[in-house]
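Me: I have a model open on my screen and I'd like to learn how to read it. Could you walk me through a few features?

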Amino acid sequence: MATRSSRAPLGQRSTNIQNGSASTKSSLLGKKDSSSKSIAFERKASDNSNNKGISSMSSNTLRRALSASSANSEASSNAETGASGGFVKKQYVSSSSTLTNKTNTPPDSIITEHRKRPNGDGYTVHQYMRGKLLGKGGFAKVYQFTSLDTNKIYAAKIVPKANLVKNRARQKLQTEIKIHRTMKHVNVCEYKHFFEDKTNCYILLEICHNQSCNEMIKRRKSLTEEETRFFMLQIIDAVSFMHDSNVIHRDLKLGNLFLSKTMNIKVGDFGLAVRVDSSDEKRKTICGTPNYIAPEVINGNKEKREHSFEVDIWSMGVICFTMLVGKPPYESKDVKSTYRRILNNEYSFPKGKVSSDARAFISSMLQSDPSLRPSLTELRQHAFISHNQIPGSLPSSCTYSAPSWSTDEFGELQVVNPTSALDINISNSAPAPQAKPASSASSKFAIYDEVQSTSKPAVSNDDRVINKLSGCVASCRIDDDEVREPPPSSATSQDPKPSPAAANSDEVSVLERMHSNLDVCLANFERIQNGGGKMEARAIAMVEESTWVSRFVDYTSKYGLGFLLNDGSSGVYFNDSTKAVLSASSDSFVYIERRKSNSDSTSEPLATYTLSDYPEDTLKKKVTLLQHFRNYLSEQQKRAEDTGETQPITSDSTKSKAPEDMIYMKKWIKTKHAMLFRLSNDTVQVQFNDETQVLISSEGNLITFVDKEKNRTLHSISDIANNQQTDVSKRLKYAKEILSQLISGTKR
Ligand SMILES: Nc1ncnc2c1ncn2[C@@H]1O[C@H](COP(=O)(O)OP(=O)(O)OP(=O)(O)O)[C@@H](O)[C@H]1O
């Protein structure tokens with residue numbers, strides 16, 4: 001079959017007009033939908049709609065959008081790209097009723113599918129465990145699903161049936177599935193399976209671990225030309241495949257370009273796609289996303305509104321511009337102005353930012369006359385793509401930081417230092433200490449604590465270590481498929497120096513008490529069956545006031561582990577096992593030296609300084625790092641708060657603490673499934689890769705459990721024992737295992 005991309009330029013096809021949406025006769029949801037009405041979704045006035053898909057908007061609705069009030073324009077300033085008029089949290093309302101985003105399934109619930117046997121003779125039962133929320137759309141919520149039959153992981157788009165009451169909405173879903181399931185291409189997010197139960201419809205999709213290009217641009221602001229070329233070429237491939245299958249996507253935008261684990265583009269969301277009967281067929285329904293919509297789709301004159309494959313080329317021009325510049329070309333304060341700018345083709349490149357090849361590439365796609373837009377073959381041959389280097393692959397660190405390039409022995413472009421989480425430049429940085437090979441073959445975990453004299457921490461990415469660990473947690477199933485795995489450290493462990501006996505015995509006794517409490521709880525449920533009861537108010541208050549690590553960044557490949565506590569203070573556990581913690585509300589910081597080996601003091605030597613007054617000769621580099629880590633983590637925290645991903649750090653918890661009360665990180669351990677932090681107030685926090693957490697009080701008798709939805713619940717150890725809460729107890733089992741290692745590491 002001749003590829004679409006090798007045909008004549010798209011616009012030169014005949015203008016034979018056939019209206020109406022692709023009718024679907026399948027009986028999804030058990031009902032035949034004979035409605036030929038177009039779907040009319042519009043957005044809440046409070047939503048910024050510039051980047052939201054508009055599905056088959058009626059001309060009345062369009063007129064309303066064109067005359068949108070200034071109230072709308074105000075809402076438009078919440079941009080996906082950080083600029084005005086951009087992307088918003090997805091929520092649609094139907095023309096009459098608010099669509100529900102409730103999927104009616106509790107977190108971590110088991111979803112059961114009754115699958116009809118192929119011969120029609122009864123059902124087979126299949127179960128999935130619902131995991132973390134991957135994202136929300138106007139139509140659906142998307143969760144990680146693990147098949148309990150096969151252990152395979154999917155992204156499951158859950159559409160509540162309450163949102164499908166109207167024929168039009170059902171038809172949209174039917175069309176989406178009907179088209180999506182035929183789209184098998186390496187750069188298209190794969191449709192896997194559909195099923196429904198009483199309350200929801202479930203579409204199982206290939207999981208894309210690195211979110212969408214939308215989140216990447218939000219974090220990065222803009223991409224390099226090399227990365228843009230890499231992505232554009234894959235988009236060209238995906239769109240060529242769709243067009244060759246007579247499918248027009250009609251909603252190509254950053255938010256629908258998902259990124260796989262290996263950073264390849266996976267085009268998704270076929271909710272507005274249409275399959276045309278022939279390559280000449282034109283459509284007239286208005287759909288797309290304001291910032292990305294082609295002028296021929298907006299055109300007020302119905303006869304002129306016909307559009308075809310060229311609308312996708314236009315959107316690709318918008319995508320390319322947004323990747324390089326950081327905001328869409330026609331973005332403005334409200335939808336009406338955005339449409340006006342699109343119709344007048346009013347956009348400009350920021351000075352000195354975009355190369356002439358890239359400008360020419362984008363401008364060729366952003367031509368008002370669809371017939372003048374290039375074919376996909378022409379795009380592939382364009383100088384921007386064909387005369388410049390394209391990297392063979394990208395590391396997932398590109399989702400948050402710009403890569404540096406070098407060429408390999410074959411002259412191929414490759415990324416240097418792909419795992420760096422931070423781009424920290426220290427002017428007076430000392431040469432990195434030489435790492436020695438791991439010496440402790442018997443240790444299951446690497447332990448980062450003050451007993452080590454090593455200037456590089458021990459490391460847990462030794463395969464042997466991980467294998468042993470996997471063995472010890474075989475009974476405790478924890479999702480391993482987690483995006484936010486810290487980059488591997490390049491350091492290796494050294495022999496720990498003998499540590500002061502007195503100090504360690506103190507330390508060990510606290511840990512042992514904690515461990516034995518967990519042991520009693522987990523190993524002997526019956527014995528304490530009736531010993532529990534409600535937690536005293538005092539105990540609850542104690543836990544509520546507790547301190548934990550809100551976020552961290554593993555940069556042990558160079559400097560150390562940075563952390564942000566829930567009280568707003570931030571700190572670093574440096575690779576030489578010294579620590580520092582910076583107050584949330586003042587510029588004072590505490591620096592914690594390693595305990596001297598000849599000292600028998602149980603406490604660590606602390607010194608308090610301010611950022612403007614400290615011994616620069618010895619601490620300049622560390623203080624610079626401390627501030628870099630603080631800035632980086634606070635920015636991450638702020639972003640997460642803005643997107644509602646995390647609870648804000650409350651002003652109450654940021655209240656100033658006396659330096660001697662400031663809490664810092666005493667030790668940390670990285671395992672395959674979790675990070676364990678031991679804080680200076682003796683609590684232990686285990687942060688699992690699936691984003692759940694357990695916090696164990698210093699006595700080991702109070703547990704705070706944070707589930708995947710970030711719900712924080714307090715438990716007394718006996719509560720857990722009585723209820724045998726599997727979720728909490730399986731994590732406690734694992735925590736206990738790590739704790740044992742911490743104890744033996746501390747005893748050494
Ligand atoms: N295959 C996937 N893998 C990982 N995350 C996904 C996947 N598909 C969707 N998501 C996440 O879920 C979010 C919502 O998905 P999607 O855009 O398909 O929903 P929708 O309700 O159809 O959206 P829209 O409002 O654009 O119609 C996405 O923005 C993304 O964050």
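Reply: We'll go from the whole protein to one sheet, then a helix pair and a loop. This is a predicted model, where local features need pLDDT of at least 70, side-chain atom pairs count only at pLDDT 80 or more, and totals for chains, interfaces and linings use all residues. Residues are numbered from 1 along each chain as its sequence is written, and side-chain values use heavy atoms, with hydrogens and water left out.

Me: What does the secondary structure of the protein come to?

Reply: Helices (H or I, at least four residues) and strands (E, at least two) are DSSP runs, numbered from the N terminus. Here there are 17 helices and 29 strands. Of the 748 residues, 55% are buried, where buried means under 20% relative accessible area, exposed over 50%, and partly exposed in between (1.4 Å probe, protein chains only).

Me: How do I read a sheet, and what is the order of the six strands in the open one?

Reply: Strands of a sheet pair through backbone hydrogen bonds, either parallel or antiparallel. Two strands count as paired if DSSP finds at least two bridges between them. In this open sheet the order is β4-β5-β6-β7-β9-β8, with antiparallel pairing. The edges are β4 (110-116) and β8, each pairing on one side only. From one strand to the next, the twist averages 35 degrees. Axes are lines fitted to C-alpha atoms, for helices over the stretch in contact, and angles run from 0 to 180 degrees between N-to-C directions.

Me: Which strands does β9 pair with, and over how many bridges?

Reply: Six bridges join β9 to β7, and five join β9 to β8. Ile158 stands opposite Tyr202 in β9, while Tyr191 has Leu205 of β9 as its bridge partner. A hairpin of three residues links β8 to β9.

Me: Why is β9 described as largely enclosed?

Reply: In a regular strand the side chains alternate between the two faces of the sheet. Six of the six residues of β9 are buried, so the strand is largely enclosed by the rest of the structure. Asn200, Tyr202 and Leu204 are on one side, with Cys201, Ile203 and Leu205 on the other.

Me: What does His193 in β8 touch?

Reply: Contact means heavy atoms within 4.5 Å. Not counting residues up to four places away in sequence, His193 touches Glu113, Arg115, Tyr128, Tyr202, Ile203 and Leu204. Its side chain also makes a polar contact with that of Glu113, at 2.7 Å. A polar contact is a pair of N or O atoms within 3.5 Å; within protein, one must be able to donate a hydrogen and the other to accept it, and residues adjacent in sequence count only if both atoms are side-chain atoms.

Me: How are helices α7 and α9 arranged?

Reply: Angles under 35 degrees count as roughly parallel, over 145 as roughly antiparallel, 65 to 115 as roughly perpendicular and the rest as oblique. The axes of α7 (residues 310-325) and α9 (residues 356-365) come within 7 Å and cross at roughly 150 degrees, so the two helices are roughly antiparallel. Among the residues making the contact are Trp314 and Phe321 of α7 and Phe361 of α9.

Me: Last one: is Ser569 buried or exposed?

Reply: Ser569 counts as buried, at 4% relative accessibility. Ser569 sits in the loop between β19 (560-565) and β20 (570-574). The side chains of Ser569 and Asp567 are joined by a polar contact of 2.5 Å.
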